[in-house]
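Reader: I'm new to this one and would like a close look at a single part: the aromatic rings. Once we've been there, could you walk me outward to whatever else is worth seeing?

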Amino acid sequence: MSKKICVIVGASHAGVNFAFSLRKEGFEGEIIMYDKDPVLPYHRPPLSKAYLTADAPIEENCLKSKESYEEENISLQLGIEVSDIQKENQKVLLANGDEQPYDYLVLATGARPIIPPIEGLKEAKHIYPLRTAQDVSNIKSWVKSAEMKRVVVIGGGYIGLETAASLKKLGASVVVLEREERILARVTAPVMSDFFQKLHTDKDVDVLTSKNVTSISTDQEGVNTVNCGDGSSYTADMIMVGVGVHVNLSLAQQLQLEIDNGIKVNEFTQTSLSNVYAIGDNTNHFNPHYKQWIRLESVQNAVDQAKVAAAHIAGTEKIYDTIPWFWSDQYEVKLQMVGLSQGYDEIIVREEEGDGIKFSVWYFKGEELLAVDAINNAKAYVVGTKFIKERKVMDKEKLRDVATVFKPANLLAKAMS
């Protein structure tokens with residue numbers, strides 16, 4: 001293995017964690033990582049929150065120090081794009097014309113923001129997605145220099161709502177336009193949509209639903225008017241676009257890998273080519289707990305798949321079978337989510353007694369607990385995780401009764417058959 005070469009395409013959470021995990025697993029060969037982003041790899045979750053609202057440089061949010069890569073003999077090639085791959089002779093071709101052979105190839109290529117085909121969007125002024133450190137730097141520069149700070153956020157998903165909260169904190173006037181009938185419609189129950197709608201409204205952020213943006217017009221002063229299909233319009237000095245992502249699949253397509261809503265991988269994160277692995281946001285894997293193929297956009301998925309891939313290349317078989325979890329911070333609220341709620345037929349809302357906002361939403365399919373959304377309630381998140389992982393049945397009446405001491409033993413009904 002000391003003469004083997006492992007090439008990683010993509011240096012975010014998945015790629016970086018894989019490289020260091022591979023060394024930890026004892027791999028002695030070359031590890032070379034490419035990323036077209038010139039910035040030292042950084043944590044992405046703070047981009048829409050702490051990094052956007054603070055004056056601290058991105059270097060304070062780095063995944064690893066520059067010295068760490070040198071100490072582990074990991075060749076980090078930043079600002080370099082992999083443009084093509086020759087699978088027959090196992091070489092990656094770089095945009096600068098260089099070539100790099102490989103024995104193992106790891107695709108950690110992630111995703112890119114969707115820029116919707118809205119009439120006038122390309123001509124509008126101060127249009128920003130939020131995916132990279134450069135995107136955030138652009139927004140921060142605009143906030144510092146703009147006299148008028150009227151912002152329209154297109155998209156009422158978590159990234160749009162987190163950005164809206166941060167921009168409000170920076171003194172902007174913010175309107176969120178969501179195409180669906182409620183925010184977060186694809187990922188949570190109406191009760192959670194209503195909660196976040198009220199949370200933002202109480203902070204003087206207008207969150208408007210059933211708003212399909214059809215066109216944008218821009219005047220000579222650079223002020224944008226965002227027009228919706230229902231005839232309404234909104235003035236914007238800056239527009240943030242947060243309507244989802246496209247998976248980066250061009251290299252996978254060149255390799256003729258199996259693709260279906262992402263790169264299909266097995267339980268070891270191998271693709272349809274045994275020496276090519278894929279990890280992170282770009283992958284579609286079979287989840288044995290929920291018995292379905294899923295593609296996840298989360299740090300947890302990226303890090304866990306990275307460890308599994310590293311172990312497999314180093315000769316240890318670890319199977320990827322973790323329960324998904326996510327989080328979101330908006331204002332004083334921390335949302336922790338575990339599991340997948342799709343297919344639920346019953347929800348139970350448990351509101352804890354005491355001061356402040358603290359409740360949880362429990363998603364059931366029959367007697368099976370599928371998922372939990374916990375607002376400022378780490379205990380509910382931990383208890384929910386335990387019940388989901390162990391497939392234990394909860395006593396729903398005790399769950400509803402806030403007088404029940406919140407411990408797994410007190411909430412247990414019986415083991416699932």
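Author: Sure, let's begin with the rings. Phe195, Phe196 and Phe359 come together as one aromatic cluster. For this purpose, rings of Phe, Tyr and Trp (its six-membered ring) make a pair if their centres lie within 6.5 Å; planes under 30 degrees apart are called stacked, over 60 edge-to-face, and the rest tilted.

Before we go on, keep in mind that this is a predicted model: local features need pLDDT of at least 70, side-chain atom pairs count only at pLDDT 80 or more, and totals for chains, interfaces and linings use all residues. Residues are numbered from 1 along each chain as its sequence is written, and side-chain values use heavy atoms, with hydrogens and water left out.

Searching the whole structure turns up seven aromatic pairs. One of them joins Phe20 and Tyr69, an edge-to-face pair at 5.2 Å centre to centre with 65° between the planes. Phe20 sits in helix H1 (residues 13–24) while Tyr69 sits in helix H3, so this pair ties together parts 49 residues apart in sequence. As for the names, helices (H or I, at least four residues) and strands (E, at least two) are DSSP runs, numbered from the N terminus.

Phe20 and Tyr69 are both buried. Here buried means under 20% relative accessible area, exposed means over 50%, and partly exposed is in between (1.4 Å probe, protein chains only). Back in the cluster, the rings of Phe195 and Phe196 have centres 5.1 Å apart and planes at 75°, so that pair is edge-to-face. Phe195 is buried, and Phe196 is too.

Now hop over to the end of H3, where the charges take over. Glu67, Glu70, Glu71 and Glu72 make up a negative surface patch. A patch is built from residues with over 30% relative accessible area and no salt bridge, joining like charges within 9 Å, or nonpolar side chains (Val, Leu, Ile, Met, Phe, Trp, Tyr) within 5 Å. The areas come from the Shrake-Rupley method with a 1.4 Å probe, and for residues only the protein chains shown count as cover. Lys and Arg count as positive and Asp and Glu as negative, while His and the chain ends aren't counted. Each charge is placed at NZ of Lys, CZ of Arg, CG of Asp or CD of Glu.

Within that patch, Glu72 is in the loop between helix H3 (66–71) and strand S3 (74–78). At a relative accessible area of 34%, Glu72 is partly exposed. Asn73 has its place in the loop between H3 and S3 as well. With 56% relative accessible area, Asn73 is exposed, and its phi is near 55°, a positive value in a residue other than glycine. Most residues other than glycine have a negative phi. Gln256 also has a positive phi, near 60°, and lies in the loop between helix H7 (250–254) and strand S18 (263–264). At 62% relative accessibility, Gln256 counts as exposed.

Salt bridges are the next stop, and the structure holds 21 of them. The term means a side-chain nitrogen of Lys or Arg within 4 Å of a carboxyl oxygen of Asp or Glu. Take Glu99 and Lys91, whose side chains meet at 3.1 Å, N to O, in a salt bridge. Both ends are partly exposed: Glu99 at 46% relative accessibility, and Lys91 at 26%.

Glu346 and Lys396 form another salt bridge, at 2.6 Å from N to O. That pair links distant parts of the chain, with Glu346 in strand S24 (residues 346–351) and Lys396 in helix H10 (residues 396–400), 50 residues apart. Glu346 is partly exposed at 22% relative accessible area, but Lys396 is buried at 11%.

Arg350 and Glu352 share a salt bridge too, at 2.8 Å, N to O. Arg350 is buried, with a relative accessible area of 1%, and Glu352 counts as buried at 19%. Elsewhere, salt bridges with shared partners join Glu346, Glu367, Lys396, Glu397 and Arg400 into one network.

Last, two strand residues. Asp35, in strand S2 (residues 30–35), counts as buried at 14% relative accessibility. Val213 lies in strand S13 (residues 213–218) and is buried as well, with a relative accessible area of 11%.
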